[in-house]
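Reader: I would like to learn how to read domains and chain contacts in a model. Please take me through an example.

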Amino acid sequence: MREVAVVSFAQAPNVRRDTEHNEVEILSPVVREAMERSGIPKADIGFTCSGSSDYLAGQPFSFVTALDAVGAWPPIRESHVEMDGAWALYEAWVRLQHGDIDSALVYAYGKSSPGDIREILSLQLDPYYLAPLWPDAVDVAALQARALLDATDFTERDFAAVAARNRSNAKSNPNSQLAGDFDADELLSSDYLVSPLRKHDCPPISDGAAVIVMAAGDLARDVCERPAWISGIDHRIEAHGLGVRDLTTSPSTTLAAEKAGMNGNIDIAELHAPFTHQELILREALGLSESVSINPSGGALAANPVMVTGLIRIGEAAQRLIDGDAKTALAHATSGPCLQQNLVCMMRAA
Amino acid sequence: MAETVETQTAGLSAPHVLEYPYTRSVGPVIGRFLGGLRDRKIEGIRTKDGRVLVPPAEYDPVTSEALSEFVEVGQAGVVKTWAWVSEPRPKHPLDRPFAWALIQLDGADTALLHAIDAGDESKMSTGMRVQVRWREETVGMITDIECFEPEAAS
Amino acid sequence: MSEPVVGFGAPIRLEYNYTPGSASSRYLRSIAEGRIVGQRCPNCEKVYVPPRGSCPTCAVPTAEEVELAHTGTITTFCVVNLSFYKEIEPPYVCASILLDGADIALFHLIQEVPEGREVTMGMRVEAVWVDESELAPTLESIKYFRPTGEPDASYDSYKEHL
C-alpha cells in the first residue's frame with residue numbers, strides 16, 4: 001500500500017442554527033484554512049471529494065453549488081458521496097493508491113437547521129416496511145438502547161456518564177456546541193425524550209463543515225512535520241432490516257477494525273457515536289481498554305453536523321498526531337440507522 | 001442600536017417545502033406480503049436454513065440467496081425491544097402516547113418494527129405478548145396494521 | 001394466495017426554513033430597494049450576480065459589493081411553448097441576460113418585444129420593475145426585461161459569457 005497521510009484539518013465552529021451563511025459561505029473559510037495549513041497550492045491538489053446530503057437543507061444538488069467553495073477551475077478531478085465525509089476520505093485514499101496523484105482535498109458540510117433532521121433521517125429507512133410509519137432517528141436509536149439495557153449490565157446511568165464525559169471533554173474544544181460539567185445523577189433526573197433515551201443521550205442539532213487535506217509519501221513529509229499516516233482503513237455494512245440484526249453488538253465495526261489493522265495499541269479513539277449507548281456498543285466492538293482516551297474532542301454528543309461528524313472524528317484524531325500529542329489513533333465513522341455501517345481509520349505518527 | 005444593526009445583517013429566511021410524490025413499485029416478494037396484509041394475514045419467507053423472515057426479504061440477508069417459500073405466521077408475538085414515545089410527532093402512526101417495538105411474531109425468526117397502543121409506559125415490557133390490530137379498511141400497505149396491542153386486551 | 005400488490009403511493013412532504021446566507025440575503029434586500037447588487041472577486045475581478053459569497057473559479061470570498069445597471073444584453077434565449085404559469089400565455093421567451101458590469105448572466109423573462117421584431121442574441125434589454133409599493137426581496141420584483149431599442153451588442157462583447 002502507498003503511504004498516505006492526513007496533513008491538515010480544519011472545521012467550522014459547530015452551531016445550532018447558522019442563519020448568516022449558506023453552505024458555500026460556511027465551507028469557504030474552512031477550505032482556505034485547511035489549504036493554507038497544508039501548504040499545498042490549490043492547483044496542485046490531485047483529487048477533490050466531498051460528502052453531504054441534499055435532504056438536510058432541502059437544496060437539490062447542493063453539492064454541485066458547494067464546489068464554489070473550492071474553485072473548480074481549471075476543471076478539477078472531483079467526486080461526491082451522499083454519505084458522511086469519512087467515506088469521501090475513504091474514496092480519496094483509494095484514489096491516492098492509484099499512484100498518479102499525490103494529494104487530495106476532502107470536505108463535508110451539513111446544515112441540519114433548516115429542516116427537521118429527526119424526520120429527514122427517517123428517509124434512510126426501508127421505504128416499504130418502515131418509512132410509511134415514520135419512525136424517526138431518535139425512535140430507532142431508543143429501540144437499540146433498550147435492547148442494550150436488556151442484554152447487558154449497562155444502565156441508564158452508564159448512558160448519562162457517557163454524556164457527561166464527552167461534554168466535559170468538549171470544554172477544551174473551541175468548535176464544540178455542547179460543553180460543560182454535568183453530573184450523571186442530575187442528568188438522570190430529566191424526562192425521557194423517547195424512553196429509554198433522555199435529551200442528554202442524543203446529539204445536538206448542528207450546522208457545520210470540515211475539510212481534510214491528504215498527501216502521499218514524500219509530499220506529506222515535505223509539507224508536514226508530523227503527518228498523520230493512515231496505517232489502515234476499512235468499512236463494513238450490516239443488513240438493512242433492523243429486525244434481522246443484533247442491535248446490541250456491532251460486528252461490522254469489529255471487522256472493519258480488524259481489517260484496518262487495529263491491534264489494541266492506541267492512544268486515542270475518536271468514535272462517531274451520536275447516541276450515548278452507541279459509544280458503549282462501539283467500545284465493546286473495538287475492545288478498547290481503559291487506557292485509551294476516548295473522544296478527547298467531545299465526540300458527536302458535543303457537536304453533530306450530520307454528514308460531517310465522521311470526517312471530524314478522523315480530523316480530530318489526526319490533529320492530535322500532527323500536534324505531537326499522541327502516537328497512534330483510531331477514528332471511527334458511522335452511517336445509517338443504529339450503527340448499520342461503520343468505518344475505521346487507523347493512524348500513526350511515524 | 002445594536003439590534004438595528006443585527007436586523008440589517010441577519011440573513012433572510014423563508015418557508016420552503018419539498019414534496020416528492022413517489023409511487024413505490026414493490027416487486028413480487030414485498031407485493032405478496034402487502035397483498036396478504038390487505039387480506040388480513042401475515043406472511044413471511046423461509047430461508048434455506050429454515051429461518052422465517054418477517055417482514056419478508058427478497059434475498060437471504062446472510063447468504064444473499066433468492067428466496068421464494070412463503071409461510072403464514074401468527075398475528076401475535078413477542079416484544080424484543082421497545083421505546084416509549086410520550087409526545088407523538090405529526091407523522092407518527094398514533095396521535096397518543098405509544099411504543100415503537102420490534103415484534104417477533106409467532107412462527108417468525110426475525111422482528112417487525114411497528115407501533116404498540118399500550119396506553120401507558122408502565123404496561124410495556126420486553127418479552128410481553130402483543131397482537132395485531134387491523135385497520136378498518138385495508139389497502140395493501142404496512143399501515144394496514146393500524147398498530148399492535150397488548151394481548152391481554154383481547 | 002392473496003392478489004399481490006404492485007405498488008403504493010408514498011408521498012413525502014418535508015418542510016424547511018430556508019436560509020440563503022449572507023451574500024444572497026444582501027442581494028435580495030437590494031432587490032427589495034429596487035437595486036441590483038453583485039459581488040466582485042478580489043482575485044480575477046469578475047462580478048457575480050446573484051452573488052453566492054465565493055468566487056467559483058478562485059475560491060476566495062467576494063466581499064466587495066458592486067451596484068449593477070438595470071440594462072444588459074441577451075446572451076442566449078429559448079422560446080417556451082408549454083404553459084407553466086397561468087399568468088403568462090405561451091409562447092414566451094426566457095433569456096440569459098448579462099447585466100452591464102456583470103460577468104455572469106441571470107435568467108429572466110423577455111416581454112414587450114415590438115411587433116415585427118424577434119428576440120436575438122445580443123439584443124439590448126432593460127429591467128421592468130413592479131410598482132415601488134410591491135418591491136420585495138425576490139427576483140419577481142423585476143417583472144421582466146424588455147428591449148431598449150438600442151442596436152444589438154456585438155458578439156465579441158458577450159461571447160465569453162455563453
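Author: The turns below go through the domains of one chain and then a contact between two others. Keep in mind that this is a predicted model.

Reader: Into which domains is chain A divided?

Author: A domain need not be one unbroken stretch of sequence, as the bounds here show. In chain A, domain 1 takes 4–116 + 205–228, and domain 2 takes 117–203 + 231–348. Their centres, taken over C-alpha atoms, are separated by 22 Å.

Reader: How many residues does each domain of chain A bring to the contact?

Author: Residues count as in contact when their C-beta atoms lie within 7 Å. On that basis domain 1 of chain A brings 37 residues and domain 2 of chain A brings 32.

Reader: Which element gives the most to the domain 1 side?

Author: Helix 3 of chain A does, with six residues. At least two residues each come from strand 1 (4–11), helix 3 (85–97), strand 4 (103–111) and strand 7 (207–216) of chain A. By class, this side of domain 1 has 21 nonpolar, 11 polar and five charged residues.

Reader: How many residues of chain C are in contact with chain B?

Author: The count is 24 residues of chain C against 26 of chain B. On the chain C side, strand 1 (7–18) and helix 1 (22–32) each supply at least two residues, and strand 1 gives the most, with 12. The chain C side holds 13 nonpolar, eight polar and three charged residues.

Reader: How many bridges join strand 1 of chain B to strand 1 of chain C, and do the strands run parallel or antiparallel?

Author: Strand 1 of chain B (residues 14–25) is joined to strand 1 of chain C by 12 bridges, and the two run antiparallel. As one position to look up, B:A14 stands opposite C:Y18.

Note on methods
Residues are numbered from 1 along each chain as its sequence is written. Chains are lettered from A and ligands numbered from 1 in the order in which they are written. This is a predicted model: local features need pLDDT of at least 70, side-chain atom pairs count only at pLDDT 80 or more; totals for chains, interfaces and linings use all residues. Domain bounds come from an automatic or database domain assignment. Two residues are in contact if their C-beta atoms, placed from the backbone, lie within 7 Å. Helices (H or I, at least four residues) and strands (E, at least two) are DSSP runs, numbered from the N terminus. Ala, Val, Leu, Ile, Met, Phe, Trp, Tyr, Cys and Pro count as nonpolar, Asp, Glu, Lys and Arg as charged, and the others, Gly among them, as polar. Two strands pair if DSSP finds at least two bridges between them.
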